Amino acid sequence: MQRYSPSQAAEMTGFSLDTLRYYDKIGLLDELARTPGGQRIFTEDDVAWLGILRCLRDTGMPIAQMQRYADLARAGDESLAERIALLEEHDRAVEDQIARLRAQQSHIRHKVTFYRSELAARTPAS
């Protein structure tokens, strides 16, 4: 199995080294292997897990919910229903956020249209 240094894991996932350390400290990462010198070692599975965490974070899931999700994932198949419920709840929150952003985008586009018409009205025709 491929192994990665913290720098490689950070580059692959887009997380900073500080974030990787923090996630390890708060228990979002399963007990990472370490070199004899104490440096964290990331496996392909760890990098894949970080990909899930990246998705959850980028879509606005609070750390407490991410920790709950991590705990449920560690619990195995008996937690599948709870994981589904947590992810469905988050999905609804993402949908709500997208709807709010679309409404704001519409407002912005109307403003751009208004300003363009104002500008065209002030520009002499040639």
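These are legends for four close-up views of a predicted model.

**View 1. Where helix H2 meets helix H3.** Two helices share this frame: H2, covering residues 17-25, and H3, covering residues 44-58. Their axes come within 13 Å and cross at roughly 100 degrees. That crossing falls in the 65 to 115 bracket, so H2 is roughly perpendicular to H3. On the H2 side, look for Thr 19, Leu 20 and Tyr 23; H3 brings Leu 50, Leu 53 and Arg 57 to the contact. Sort these contact residues by character and you get four nonpolar, one polar and one charged.

**View 2. Rings around Phe 15.** The model has four aromatic pairs in its count. Shown here is the pair of Phe 15 and Tyr 23, with ring centres 5.2 Å apart and planes at 70 degrees. Plane angles over 60 count as edge-to-face, so that's the label this pair gets. Add Tyr 22 and you have one aromatic cluster made of Phe 15, Tyr 22 and Tyr 23. How much of Phe 15 is accessible? Its relative accessibility is just 3%, so Phe 15 counts as buried. Tyr 23 is buried too, with a relative accessible area of 2%. There's also a charge to spot: Arg 54 lies over the face of Phe 15, at 4.1 Å from the ring centre. Tyr 23 ties this view back to the previous one, as it's among the H2 residues in contact with H3.

**View 3. Thr 43 in strand S3.** Strand S3 takes in residues 40-43, and Thr 43 is part of it. Is Thr 43 buried or exposed? With a relative accessible area of 11%, it's buried, since the cut-off for that label is under 20%. Setting aside residues up to four places away in sequence, which ones does Thr 43 touch? They are Met 1, Gln 2, Arg 3 and Tyr 4.

**View 4. Leu 17 and its contacts.** Back to helix H2, this time for Leu 17. This residue is partly exposed, at 34% relative accessible area, because that label covers values between 20% and 50%. Leave out the neighbours within four places in sequence, and the contacts of Leu 17 are Pro 6, Ser 7 and Ala 10. For a sense of scale, try the C-alpha atoms of Leu 17 and Gln 65: these residues are 48 apart along the chain, and the two atoms are separated by 22 Å.

Notes: Residues numbered from 1 in each chain as written. Predicted model: local features only at pLDDT ≥ 70, side-chain atom pairs only at ≥ 80, totals over all residues. Heavy atoms only, no water. Axes fitted to C-alpha atoms, helices over the stretch in contact; angles between N-to-C directions. Helix = DSSP H or I, 4+ residues; strand = E, 2+ residues; numbered from the N terminus. Parallel < 35°, antiparallel > 145°, perpendicular 65-115°, else oblique. Contact = heavy atoms within 4.5 Å. Nonpolar A, V, L, I, M, F, W, Y, C, P; charged D, E, K, R; others polar. Phe/Tyr/Trp six-rings, centres within 6.5 Å; stacked < 30°, edge-to-face > 60°. Buried < 20%, exposed > 50% of the residue type's maximum accessible area, 1.4 Å probe, protein only. Lys NZ or Arg CZ within 6 Å of the ring centre and 35° of its normal.
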